Amino acid sequence: MKRKALSIILASAMSLSLLAGCGSAAEQTAAPADDAQAQTETEAAPAADAAAEEAAPTADVASEGEHELSVYAWDKNFNIPALEAAEKAYQTVDPDFKLNIIEQSASSDVENAVTLAANSGDYSQLPDIVLFQDHYIQNYVTNYPDAWIDLEDAGIDWSNLGAEKISYSTIGGKHYGAPVDNGTAIFAYRTDILEECGYTIDDVTGITWERWLEIGRDVKAKTGKYLLSMDHNGDDLPYMMMQAEGQSQWKDGQPYFVGNDTLKQILEVIITGAKDGVIYLCNDWSEYTDTSIIGDQVAGVFNGNWIIPTMEQVSENSGKWAITTIPTLSGKEGYAANGGSSLYITSNCSKPELAKAFLAYTFGGGEGAIATYDDALRNGGVIGTCISASKSDVYQEGVDFFNGQSIYADIVAMGANVPVVEQSDYHYNARTYIQAAITNVINGSDLDTELQGAEDQVKFEMGQ
Amino acid sequence: MEKKKKMSLVAKQRAAGWMFLILATAMIVVMSFYPMVQALITSFKTGTGKNFKWADPWNYNYIRMFQDKMFMKSVGNTFLYLIIQVPIMLILAILLAQLLNNKDLKFRGLFRTCVFLPCAVSLVSYSLIFKSIFATQGLVNMILTKMHIISENINWLGQTNTARFVIIIALIWRWTGYNMVFYLAGLQNIEYSVYEAAKIDGANAWKTFWYMTVPLLKPVIIMTFIMSINGTLQLFDESVNLTNGGPANTTITMSHYIYNNSFGQGVANFGYASAMSFFVLILVAILAAINLKVGDTRD
């Protein structure tokens, strides 16, 4: 018996030591996720970037000189050119200024870096400034207030920046973030395919979702193409469609899924669309970008405007796209925003004065704003929310890929119409369970039951 | 006086032994046991960030996990993998080992290497490769379409049953060779004369296998069982990289859900994640104990 007891103890000790990996993951020692995690975020880089070089979390984050700042960013085709533009703009007032941009493989790496630093109480691993996703920042500032420095005394004119955008980075009445890109959603259609089926871009502007589904079925029957695709592993469709209605999935800080008629109708549109072959729900981000969009299987794209660089990778479709507003349930023109990020100063910043001055001068709408936003647009396709900067000529230029449409001015104009809807720290929890509900209903479950289940689960997770 | 201070030879050797042990022991304690104790303490806390505090009641996280439908779903998924995949894999492994143990087989080394090679592949990369093979526009669908077995592409990773099937296939591919190596080693310890004796007594191949090989391999079989159970209960890479838990969280594993609670999905809830880790630990310990009990016929 003794031997048996011993062997059980040994066996548990063995499994215990193997489990230590788990245990320490729950501790603060685990390394941040590798680039395999890179795919799901709304702001995810095009898939090629996921394989891009991986910046080690302990990479040199310190900014050496008096005129140097370090910053985390994650997309070398999109937000990194914007930061380079800002660096160049600020060098006109401070010629020695240097921005040390540390590339991360995905936005989740930045989030994990903050989580690790805050939980270990060792902020020294953070750079001076981080680029952070708008939907996550409220949660991170609320939970880790010590990790951030606010921008109240930076001298930024906040009324010059898009109100919807600023609503994310304003926490407890304090402004924390300097906005970079505007997440205004675009609904782009292939005009040649619409034409083939007997429609024009005007026929899909200001229509009801019902009519949209009819057109979609027609397009599918005539050309075999889907009218829309979405990454169903991080499905932003319900959120964007709700915002276009001016409605939220939240009410007084609680999930509002059950009894929310608008939400139910919208989900029914998605479910019908998926069943009828109008909407292609992809299993992951790379299927969305590579197979559906670059693979030329869709006649329409609906997402934050940061999706444009992905669309532009199919050069033979240049000139065939046009951008318009979002259908709604009632048929009025809908406006929404999705994704987007801002720059935040971390408490590890050794030169907060320089960082504030830099942000105010560039992205904050100061004297360097026009130079910053112009170059950001030219080199990265980053469309800002700064109202004064959007008056610049670059914004008025027509874009060949969209048949000469001056899409940037259009997007800025659309952005001004995006309704502010109730947001929540639990945005992504809601997204996870709403998308699960859609999957289950497509596979034969009942929508009301699924919504009840999703609401219960989100409420449960909010209970921590 | 001096003589007293001098240690005897045995004592000296013992001291040297302790000296060797102490470094390893200290490292295990610091690297492994200390985090485990810390994790246990953390598991009695709740909240996120600055609201991280002692849970009230103290076992709040442990009660909570049984009310958490998502966690229960992940437990169910993990056990599904365990029940289906482990027996298939171990039976395949033992059969392969038996085949490749044949003395007269040509190119034995080559075959053994081939079967073992999948284990040399990193978990993340093989998951990603399986993901692309089983993508809707992937290799498997292409082959099946060309062979006129299916007319429309199957969305392997988009449906619950097929997604689970893909994970199980991937696991079998990755781990069968690994277990086979243990069986091969075990088989080589069995004297050939045992088989000759069986042959003289008129036992056929099946009887030889069932009454000679399996009992003699028993310790190895138990070991592989425990290791497989342990590994499957902590399944992570496949769930994260192959399906990301989808569709509708029907392939998520316990470790993946624990990860989602600590990183992955916004602000971390380390208390709850630690508590769930300990639940996994207890499960592994219980299953290993049962396995030892059932397998040990010595007393």
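Q: Buried means under 20% relative accessible area, exposed over 50% and partly exposed in between, with a 1.4 Å probe and protein chains only; what percentage of the residues in chain A is buried?

A: Of the 464 residues in chain A, 62% are buried. This is a predicted model, where local features need pLDDT of at least 70 and side-chain atom pairs count only at pLDDT 80 or more, while totals for chains, interfaces and linings use all residues. Residues are numbered from 1 along each chain as its sequence is written, chains are lettered from A and ligands numbered from 1 in the order in which they are written, and side-chain values use heavy atoms, without hydrogens and water.

Q: What makes a set of residues a nonpolar core, and which members of the largest one touch the most others?

A: The members are buried Ala, Val, Leu, Ile, Met, Phe, Trp, Tyr and Cys residues, joined through side-chain atoms within 4.5 Å. The largest core has 97 residues, and Phe132(A), Trp148(A), Met311(A) and Phe402(A) touch the most other members. Apart from this core lies another of 89 residues, with Leu228(A), Ala454(A), Ile229(B) and Phe279(B) among them.

Q: How do you know what Phe402(A) touches?

A: Contact means heavy atoms within 4.5 Å. Leaving out residues up to four places away in sequence, the partners of Phe402(A) include Ala188(A), Met311(A), Glu312(A) and Trp321(A).

Q: Why are Phe132(A) and Trp148(A) put in one aromatic cluster?

A: Rings of Phe, Tyr and Trp (its six-membered ring) pair if their centres lie within 6.5 Å; planes under 30 degrees apart are stacked, over 60 edge-to-face and the rest tilted. Phe132(A), Tyr136(A), Tyr140(A), Tyr144(A), Trp148(A), Tyr344(A) and Tyr428(A) form the cluster. Over all chains, the rule gives 40 aromatic pairs.

Q: Why is Lys251(A) said to lie over the face of Tyr256(A)?

A: A charge sits over a ring if NZ of Lys or CZ of Arg is within 6 Å of the ring centre and within 35 degrees of the ring normal. Lys251(A) is at 4.5 Å from the ring centre of Tyr256(A), so the distance satisfies the 6 Å limit. Likewise, Arg174(B) lies over the face of Trp175(B), at 4.6 Å from the ring centre.

Q: How do you know where the domains of chain B begin and end?

A: Bounds come from an automatic or database domain assignment. For chain B they give domain 1 (4-10 + 15-42) and domain 2 (56-295). The C-alpha centres of these two domains of chain B lie 34 Å apart, and four residues of domain 1 contact five residues of domain 2.
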